[in-house]
Every structure is written in structure tokens, then in C-alpha cells.
Number of protein chains: 2
Amino acid sequence: MGVIERKEREKELRSESIIDAAERIFFSKGFEHATMNDVAEEAELSKGALYLYFHSKNELCMAILQRSLHILKEIFEILRDDKNLNGIEKFPKLAELFITFAKEHPNHYDSLLSYREHRENCPATGKIIKSTIEENQNINRIISDIIKMGQVDKTIKKYIDADKLSLSLWGNFTGIMPSSILSEKVIPNFNPEDIIKYHFQLLLNAIST
Amino acid sequence: MGVIERKEREKELRSESIIDAAERIFFSKGFEHATMNDVAEEAELSKGALYLYFHSKNELCMAILQRSLHILKEIFEILRDDKNLNGIEKFPKLAELFITFAKEHPNHYDSLLSYREHRENCPATGKIIKSTIEENQNINRIISDIIKMGQVDKTIKKYIDADKLSLSLWGNFTGIMPSSILSEKVIPNFNPEDIIKYHFQLLLNAIST
DNA sequence: GACAAAATATGACCGTCGGTCACTTGGTGA
DNA sequence: TCACCAAGTGACCGACGGTCATATTTTGTC
């Protein structure tokens with residue numbers, strides 16, 4: 001009698017379809033201007049029902065953020081598992097793949113940049129917060145693994161601290177691009193893509209054997 | 001008869017004292033939980049009067065952000081004008097000074113990280129937005145100048161693109177630290193300070209002659 | 001199939017907040 | 001003294017996040 005299991009699955013599906021709806025609404029109206037009524041209508045549910053699945057508007061946003069991280073994780077995983085590239089070759093690919101992600105999923109990319117505001121308004125105990133942090137750690141681990149692979153195949157200097165570098169690269173991804181927003185159209189020929197690639201080029205020189 | 005000038009000055013003072021009050025309120029309660037009534041009370045004004053000086057809550061936040069940028073600009077200016085250090089010696093100092101800034105002005109530092117959300121809800125035409133962008137450009141110019149000074153005194157490789165590097169450094173500052181918030185207490189021994197310093201060390205190797 | 005219990009869903013309702021505006025206050029210049 | 005106008009007030013409005021008493025649907029039992 002798998003009733004409980006089925007209910008569990010259905011609950012999961014509902015939850016996902018609410019996130020689907022929330023993405024459509026938040027991405028089109030922006031977080032501040034989107035309302036929970038909008039989301040409820042889009043999800044074909046009542047507002048009250050939303051709160052059976054998510055504790056707050058901010059938590060719903062965290063769920064979207066988690067998806068964004070998941071997409072990015074899968075992209076990086078493919079790179080990590082690519083047998084045709086050595087470590088140092090994979091390094092600049094990280095930047096390229098991130099830029100591709102930002103272009104192909106602009107809204108999800110955007111959600112990455114505003115996690116702070118939502119995080120601060122969510123209780124740190126929630127399941128969603130936990131799994132979001134986990135996903136973030138996964139990404140850092142993948143980047144770190146790629147660097148370590150380069151150290152094993154001797155294309156990356158062995159004394160490089162892979163964990164630290166992976167964290168600072170992640171910071172790069174989520175820092176350079178958003179700073180571009182403040183500078184956009186003001187600095188002539190400003191192109192966040194170029195900046196990231198240039199930065200990776202410099203680092204490449206510093207870490208390759 | 002400098003009445004108009006005096007009124008201008010008084011208006012400026014009022015404006016500053018409102019920002020003072022807003023800082024106390026926003027920094028203690030957080031943006032979302034702070035209300036305009038709180039700010040009005042703290043500023044010893046009516047709510048309506050606030051709106052004579054700032055168009056919205058978000059614009060008030062941008063004014064705080066501008067202050068943050070101003071503080072940081074002045075810190076970097078001192079470094080730039082220091083005659084006792086050559087270009088490459090100033091480079092790691094950038095990281096140290098930024099970390100100092102983040103420690104000594106944690107709330108202002110915090111405001112740097114959430115400019116996105118406020119920016120998006122401000123009309124791009126406002127005077128405050130404009131001068132905020134200007135302050136941001138100033139900082140990038142200072143960083144860029146420091147790099148160029150290193151190229152003049154031949155301690156930094158001459159083919160380094162100072163403008164691009166300055167932008168990516170700025171991205172580093174506003175990227176690595178915030179990502180630490182998501183990772184905090186999860187990654188053992190995680191210390192954003194170390195990460196930034198390590199990153200600068202790597203770059204130092206890449207750019208020094 | 002009948003029925004009680006439990007799970008799920010509803011939407012009217014509440015308190016709060018950002019922002020407005022008709023009105024008051026007080027300094028200015030004639 | 002007084003008309004004028006910038007500066008300031010605070011009651012008020014619409015909208016929104018979140019709640020909860022109630023209704024509907026599903027489940028387990030006989």
C-alpha cells in the first residue's frame with residue numbers, strides 16, 4: 001500500500017509546479033512587484049495553499065535559487081567528467097560555461113545574485129535553505145575537484161590550494177557580473193564576459209605548470 | 001543676500017541628517033523590516049517630509065550605498081597617493097584595505113552587496129543614482145591608476161590591461177565575501193579574508209615583473 | 001457503499017507599510 | 001503688516017504578505 005509514497009510524490013510535484021509558476025511570475029515581474037496572489041493564480045491554487053508548501057515569499061525565492069544552482073552544478077559536472085580535457089584545459093572552460101549559463105538562463109543567473117536578500121529573511125533551519133547551501137557546496141567541490149585533477153595530471157602547480165581557489169572563482173562569477181550592472185552603459189565597451197575571461201587568463205598563467 | 005544659498009545648504013544638511021537616521025534604522029533592523037515611519041521618527045520629521053528629499057525607500061538606500069562607496073574611495077585614494085610604495089607593493093594592499101573596510105564598516109560593507117535590489121527599483125534618471133554610479137567609477141579609476149603606476153615604475157607587466165583588471169578586482173571584492181554568507185559555518189575553516197588574500201597572491205604572481 | 005477522520009484547499013480577512021495629498025506652519029521680502 | 005511660498009504634517013489610501021475558520025477531497029475501516 002504505497003499511498004504514503006504516492007502522496008509524497010504528489011506533494012513533491014505540487015511543490016515543483018508552484019516553483020514553476022513562481023519562476024514565470026517572478027522572472028517576468030521582478031521579485032518586489034510580483035505578488036503571492038499572482039503566483040497562486042499562475043499555479044492554479046489559492047494563496048492559502050501556497051503557504052502549505054512554502055513558508056514565505058522569500059522561501060519560494062530560495063527554491064528558485066536552488067534550481068539555479070542545480071542547473072549550474074550539472075553544467076560543471078559534465079566538464080569535470082570530460083575525459084578529453086586535462087586539468088588546465090578545463091580551467092578556462094569554467095569561465096566559458098558560466099558565461100553560457102548566464103546567457104542561456106538569464107533569469108536563473110539573476111536569481112543567483114540576489115540570494116542575500118532572500119536568505120536573510122528565511123529561518124536558517126528550513127529544509128530548502130539546507131539543500132540550497134548543499135547545492136552551493138557541491139559546485140565548489142566540483143570546481144575544486146577540477147583543479148585537483150589538474151594537479152594529478154601535473155598541468156596545474158601542485159602547491160595551489162584548490163579549495164581556496166575554487167571559492168574565489170565562485171566569488172568571481174557572482175561578483176564581476178553583478179558589478180557590471182552598476183557600471184553598465186557608463187564605462188565604454190564594458191563587457192563582463194571579457195572581464196571574466198581576462199581574469200581567468202591571468203589566473204591561468206599563475207597556476208599552470 | 002545669500003538666502004538661496006543658505007537654503008540650499010540647509011536642504012543639504014537635512015538630506016544628510018535623514019541619511020544618518022536611515023543608516024541607524026536600516027543597519028539595526030535590516031532593510032525589509034525597517035519602515036519609513038521608523039526613519040521619519042529617527043530623523044525627527046514626518047513621513048511626508050522624507051519624500052520631499054527622497055523619492056522612495058529604495059532611493060534612500062542608494063544614498064547609503066553612495067556613502068559606502070565614498071568611504072571606500074577615500075581609503076583607496078590614500079593608498080594611491082602613498083609615495084612610499086611602488087605599484088606592485090600597493091597591489092596586495094588593495095585587498096588588505098578592503099578587508100579593513102569590511103571589518104570597520106560592516107554595515108556599509110553590507111550595503112555594497114545589496115545595491116542590486118535597490119537599484120532595480122529606482123528610476124535610472126535620479127541624481128542619486130547618477131552620483132552613485134560616478135562614485136563607483138571613481139573607485140575603478142583609482143584601482144586602475146594604481147596598476148598603471150606599477151607599469152610606469154616597471155613593477156607590473158606592461159601588457160596587463162589595467163582597466164579590465166580593476167573591474168575584475170572590484171568584482172572580487174563584492175563577490176567572494178558575499179558568497180561566504182551562503183557558505184558560512186558549513187565549510188570548515190572558511191575565512192573570506194584568507195580567500196581574498198590568497199586570490200591576490202595568485203594574481204600578484206601573474207602580473208609582477 | 002457508508003462514514004468518520006485526516007489531509008488538502010479556499011478566500012475573506014487582518015495588520016502593516018510605502019506612498020500621497022490637502023492642509024498647516026513659519027520664514028521672507030515688499 | 002501681510003501676502004506668498006517653500007517646508008513640513010499626518011490622516012488616509014491601496015496593496016500586499018500572511019492567517020485561519022471553513023469547505024472540499026481523499027483515505028482507511030467496516
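A residue counts as near a strand if one of its heavy atoms lies within 4 Å of it. Keep that in mind for this predicted model, starting with the DNA.

**DNA strand D**

Helix H1 (3-29) and helix H3 (47-53) of chain A, along with helix H1 (3-29) and helix H3 (47-53) of chain B, each put at least two residues into the surface near DNA strand D. H3(B) chips in the largest share, four residues. There are 20 residues around this strand, and those that come nearest are Arg6(A), Lys47(A), Lys57(A), Ser46(B) and Tyr53(B). Sort the surface by class and you get nine nonpolar, five polar and six charged residues.

What part of the DNA does the protein touch? Of the strand D atoms within 4 Å of the protein, 62% belong to sugar or phosphate, and the rest to bases.

**DNA strand C**

Strand C has 19 residues surrounding it, with Ser46(A), Tyr53(A), Arg6(B), Lys47(B) and Lys57(B) the closest. Here 58% of the DNA atoms within 4 Å of the protein are sugar or phosphate, with bases making up the rest. By class, this surface has nine nonpolar, five polar and five charged residues.

Some phosphate contacts for both strands are in the table.

| Residue | Protein atom | Partner | Distance |
|---|---|---|---|
| Lys57(A) | polar side-chain atom | phosphate oxygen, DNA strand D | 2.7 Å |
| Ser46(B) | backbone N or O | phosphate oxygen, DNA strand D | 2.6 Å |
| Tyr53(B) | side-chain N or O | phosphate oxygen, DNA strand D | 2.6 Å |
| Arg14(A) | side-chain N or O | phosphate oxygen, DNA strand C | 2.9 Å |
| Met36(B) | backbone N or O | phosphate oxygen, DNA strand C | 2.8 Å |
| Tyr51(B) | side-chain N or O | phosphate oxygen, DNA strand C | 2.9 Å |

As for which elements sit near DNA strand C, H1 and H3 of chain A plus H1 and H3 of chain B each give two or more residues. H3(A) gives the most, with four residues.

**The largest pocket**

Now for the empty spaces. The largest pocket has a volume of about 1000 Å³. It is lined by 42 residues, and Ser114(A), Glu117(A), Arg116(B), Glu117(B) and His118(B) are the closest to its centre. Both chains take part: H1, helix H4 (57-80), helix H6 (106-113) and helix H7 (115-119) of chain A each supply at least two lining residues, as do H1, helix H4 (57-81), helix H6 (106-113) and helix H7 (115-119) of chain B. The lining is a mix of 14 nonpolar, 15 polar and 13 charged residues.

**The second largest pocket**

The second largest pocket holds about 530 Å³ of space. Of its 21 lining residues, Glu12(A), Ser15(A), Tyr53(A), Lys127(A) and Ile128(A) lie nearest the centre. The elements giving two or more residues to this lining are H1, H3, H4 and helix H8 (127-152) of chain A, and H1(A) has the largest share, six residues. Domain 1 (1-53) and domain 2 (56-207) of chain A each contribute at least three residues to the lining. Class by class, that's seven nonpolar, six polar and eight charged.

**Closed spaces**

How many cavities of 30 Å³ or more does the structure hold? There are three. The second largest cavity has a volume of about 50 Å³, and its lining consists of Leu113, Ser114, Arg116 and Glu117 from chain A and Leu113, Ser114, Arg116 and Glu117 from chain B. H7 of chain A and H7 of chain B are the elements that each give two or more residues here. This lining divides into two nonpolar, two polar and four charged residues.

Conventions:
Residues numbered from 1 in each chain as written. Chains lettered and ligands numbered in written order. Predicted model: local features only at pLDDT ≥ 70, side-chain atom pairs only at ≥ 80, totals over all residues. Heavy atoms only, no water. Polar contact = N/O pair within 3.5 Å; in protein donor to acceptor, adjacent residues only side chain to side chain. Nonpolar A, V, L, I, M, F, W, Y, C, P; charged D, E, K, R; others polar. 1 Å grid on protein atoms, 1.4 Å probe; cavity = no way out; pocket = protein on both sides within 12 Å on 5 of 7 lines; lining within 4 Å. Points joined across faces, edges and corners; volume = space filled by probe spheres on them. Domains from an automatic or database assignment.
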